[in-house]
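This briefing goes through one protein model by topic. It begins with a single strand and its neighbours, then turns to individual residues, aromatic rings and the chain as a whole.

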Amino acid sequence: MPRILVPMPEGLRAASLVGLLCLGFSPLLTAQANTNVPRALTSPSTDPQSAGKQEATSPHAVQLDEKHRVITAGGFVKSGPVVFEDASEKGGLTKWSHRMGTPEKNYIIETKGSGVGLIDYDNDGWLDIYIVNGSTVDALTGKAKAPQAGLFHNNHDGTFTDVAAKAGVTNDRWGFGAAIADYDNDGWPDIFVSNFGKNRLYHNNHDGTFTDLADKAGVTLGNWSSGATWGDYDGDGRLDLFVAGYLHWDFNNLPASGGEGGSNNAFCTFRGEATACGPRGLKGEPDHLFHNNGDGTFTDVSEKAGVADKPGYYGLGAVFVDINNDGKPDLLVGNDSTPNYLYINKGDGTFEDVSYASGYALNEAGRETASMGIAVGDYQNNGMLDIFNTTFSDDYKPLYRNEGDANLTDVSYHVGLGEVTVPFLSWGDAFIDYDNDGWKDLLMSDGHVYPQADKYAWGTSWKQRPMLFHNMLGKSFDNVPAVEGTGLAIVIAGRGMAVGDLFNDGKLDAVINVMDGHPVLLRNVDPNKNHWLELKLVGGAKSPRDAVGSTVYLTANGMKQREDVISGGSYLSTNDPRPHFGLGQATTVEALEVHWTSGKVEKFTVPGVDRIVTLTEGTEK
């Protein structure tokens with residue numbers, strides 16, 4: 001079928017620019033100095049270098065709150081709905097710290113941060129937390145102890161204990177992402193860790209420990225791997241692995257601005273001020289699709305499948321999910337400062353690149369964005385998956401509405417996600433029904449890549465607060481105010497984020513990995529009395545055992561919702577694999593249908609609501 005692009009009306013596009021001006025943002029941005037900045041907002045008649053210097057000193061270039069704080073680190077309210085509390089210290093997470101490079105962040109490899117994987121590694125029914133750590137040059141060269149990843153065991157009482165060393169999953173490499181899945185169908189979740197350098201594939205030994213089998217499996221690669229996702233792309237019942245490549249990094253040939261030695265790069269400024277170089281001007285690292293051979297090894301089929309990233313784009317986000325509702329997992333790749341990829345699964349082991357035809361390659365203005373994380377969810381409850389991408393500061397965050405048959409329309413400005421997101425530099429993202437009203441809300445973690453943001457009047461900051469948007473019946477999103485002293489008012493250098501029901505109370509929580517800081521646990525304390533249902537899916541002989549790739553349709557209150565089992569997506573992170581449904585005031589489920597990866601469709605009944613129910617393929621009742 002033809003794919004139709006629906007551009008934003010000219011009047012609305014103009015209104016969007018006016019909105020930016022009202023927020024205190026000049027359209028004279030240095031897009032040519034650093035291509036993370038939207039070119040569509042650059043005046044063609046203004047020199048970008050001089051414009052940047054004017055921007056950095058202009059008192060009208062920023063939006064301040066009543067305490068003269070930039071909006072990314074302020075704008076709090078004294079009272080209002082309290083959705084999250086910061087339970088980091090109470091939970092025992094503040095004893096662990098992330099570290100990546102030096103505080104100055106002179107190089108791009110020091111700025112990207114790391115992810116989070118939610119995993120019930122011991123199969124006790126409670127989610128544990130895997131937190132990836134970075135590294136330093138001294139650690140890589142043996143001059144200092146390597147920062148270690150954390151595996152926090154859930155103690156079932158609101159606290160967590162770091163057992164990473166005992167479990168053998170400390171990584172001790174320059175870590176970025178975590179993709180969780182049961183790749184060998186033995187009923188126990190495993191951990192893939194993407195690194196700069198060799199990747200890890202931690203196989204679960206069923207006794208609280210893991211063994212790194214990446215070398216044997218053939219998935220180590222060796223330069224800069226970023227977002228990873230598991231999915232059964234060929235329908236053989238075994239999960240395959242896709243690993244996005246960011247850029248090719250060489251510590252012996254460091255990028256530098258023109259004439260300063262190393263790898264010369266013109267893209268080393270932001271708004272006229274010196275910053276870390278890249279990614280533009282640096283060589284992109286290719287993407288890789290690994291076919292699961294069923295014997296513990298994988299075969300790189302990237303070229304054959306058509307997903308090898310020939311142009312060398314800067315991949316960060318990646319997720320397998322069925323976008324066109326044909327029962328086969330498609331592949332989304334969010335690229336930094338280059339067009340995004342949408343590959344449609346053709347069902348013969350190959351993919352069709354529909355990135356431009358679908359509307360996903362670019363935003364509504366027809367330009368590439370600096371895509372970080374990918375959130376996928378049916379925010380309209382119409383049975384089709386929509387896509388939300390986090391992006392750089394000085395740019396809004398696009399929400400691509402699914403019009404059917406993988407036709408995507410960027411509707412951010414139509415639904416209230418335009419101007420308000422512009423100052424923020426966002427990473428982790430997730431659709432999360434925080435109040436269990438049956439409508440998927442939107443949460444994102446934020447933080448800048450340039451410490452210089454605190455030095456210049458850029459209208460943004462190095463540390464930033466998370467953002468939460470409430471879904472207004474699928475028509476628009478309302479910004480939930482950050483109440484002083486609550487989880488939404490924390491100001492951190494946020495990076496990867498995963499969401500899930502960490503306390504098995506039916507309320508979705510979030511864990512954020514913080515650059516050079518301790519992780520943040522946002523516990524959901526929203527006072528709503530709405531009902532809920534969570535499902536643990538177990539695949540049969542012809543499906544992945546952990547049901548990754550399966551889709552669930554639930555009807556309650558006369559409303560039909562959709563949830564998919566996904567591994568990956570949010571920036572370098574993996575969410576709770578259990579489909580979660582907010583039911584509003586409904587106390588019964590009218591219909592429950594599971595579309596398994598094998599192609600089998602089954603209808604189930606559940607004994608009640610406000611509980612976690614296990615559904616196994618082949619036991620329809």
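Strand β11 is joined to strand β16 (residues 288–292) by three bridges, and the two run antiparallel. The model is predicted, and every value below was computed from it. The protein chain has 621 residues, 64% of which count as buried.

**Strand β11 and its partners**

- Within the pairing of β11 with β16, Val 243 stands opposite His 288.
- Strand β10 (residues 225–231) is also antiparallel to β11, and five bridges join them.
- On that side, Trp 230 of β10 faces Leu 241 in β11.
- Which residues of β11 point one way, and which the other way? Asp 240, Phe 242 and Ala 244 point one way, while Leu 241, Val 243 and Gly 245 point the other way.
- Both sets are buried. Because six of the six residues of β11 are buried, the strand is largely enclosed by the rest of the structure.

**Aromatic rings**

- The count of aromatic pairs comes to 26.
- One of them is the edge-to-face pair of Tyr 107 and Trp 249, with 6.2 Å from centre to centre and 70° between the planes.
- This pair links distant parts of the chain, as its two residues are 142 residues apart. Tyr 107 is in the loop between α3 (88–91) and β2 (116–119), and Trp 249 is in the loop between β11 (240–245) and β12 (255–256).
- The two partners can be set side by side: Tyr 107 is partly exposed at 29% relative accessible area, whereas Trp 249 is buried at 4%.
- Another pair, Tyr 456 with Trp 458, is stacked, with centres 5.5 Å apart and 25° between the planes.
- In the stacked pair, Tyr 456 is partly exposed, with a relative accessible area of 22%. Trp 458 has 0% relative accessibility and counts as buried.
- Tyr 107 and Trp 249 also belong to a cluster linked by ring pairs. The other members of that cluster are Trp 174, Phe 176, Phe 196, Trp 224, Tyr 246, Phe 251 and Tyr 314.

**Charged groups over rings**

- Arg 523 lies over the face of Phe 503, 3.6 Å from the ring centre.
- Lys 560 lies over the face of Tyr 553, 4.9 Å from the ring centre.

**Charged residues that are buried**

- Where does Arg 578 lie? Arg 578 is in the loop between β35 (559–564) and β36 (580–584).
- Arg 578 counts as buried because its relative accessible area is 12%, below the 20% cut-off.
- The side chain of Arg 578 reaches the backbone oxygen of Asp 501 at 3.0 Å.
- Apart from neighbours within four places in sequence, Arg 578 is in contact with residues including Gly 125, Leu 127, Asp 501 and Asn 504. Glu 534, Leu 535, Lys 536 and Ile 612 are also among the contacts of Arg 578.
- Glu 563 is found in strand β35. Is Glu 563 buried or exposed? Glu 563 is buried, with a relative accessible area of 18%.
- With neighbours within four places in sequence left aside, Glu 563 is in contact with Lys 440, Ser 550, Thr 551, Val 552, Pro 579, His 580 and Phe 581.

**Leu 342 in strand β20**

- Leu 342 is part of strand β20 (residues 341–345), and counts as buried at 0% relative accessibility.
- Ile 323 is 19 residues from Leu 342 along the chain, and the C-alpha atoms of the two are separated by 9.2 Å.
- Ile 323 is also in contact with Leu 342. Outside the four places either side in sequence, further contacts of Leu 342 include Leu 331, Leu 332, Val 354, Tyr 360, Ala 406 and Leu 408.
- Polar residues in contact with Leu 342 include Glu 352, Asp 353, Ser 355 and Ser 358.

**The chain as a whole**

- The protein chain contains nine helices and 39 strands.
- Of the contacts between residues at least 6 apart in sequence, 61% join residues at least 24 apart.
- The accessible surface of the chain is about 21,200 Å², and carbon and sulfur atoms account for 51% of that surface.

Technical notes: Residues are numbered from 1 along each chain as its sequence is written. This is a predicted model: local features need pLDDT of at least 70, side-chain atom pairs count only at pLDDT 80 or more; totals for chains, interfaces and linings use all residues. Side-chain values use heavy atoms; hydrogens and water are left out. Helices (H or I, at least four residues) and strands (E, at least two) are DSSP runs, numbered from the N terminus. Buried means under 20% relative accessible area, exposed over 50%, partly exposed in between (1.4 Å probe, protein chains only). Contact means heavy atoms within 4.5 Å. Accessible areas come from the Shrake-Rupley method with a 1.4 Å probe; for residues, only the protein chains shown count as cover. A polar contact is a pair of N or O atoms within 3.5 Å; within protein, one must be able to donate a hydrogen and the other to accept it, and residues adjacent in sequence count only if both atoms are side-chain atoms. Rings of Phe, Tyr and Trp (its six-membered ring) pair if their centres lie within 6.5 Å; planes under 30 degrees apart count as stacked, over 60 as edge-to-face and the rest as tilted. A charge sits over a ring if NZ of Lys or CZ of Arg is within 6 Å of the ring centre and within 35 degrees of the ring normal. Two strands pair if DSSP finds at least two bridges between them.
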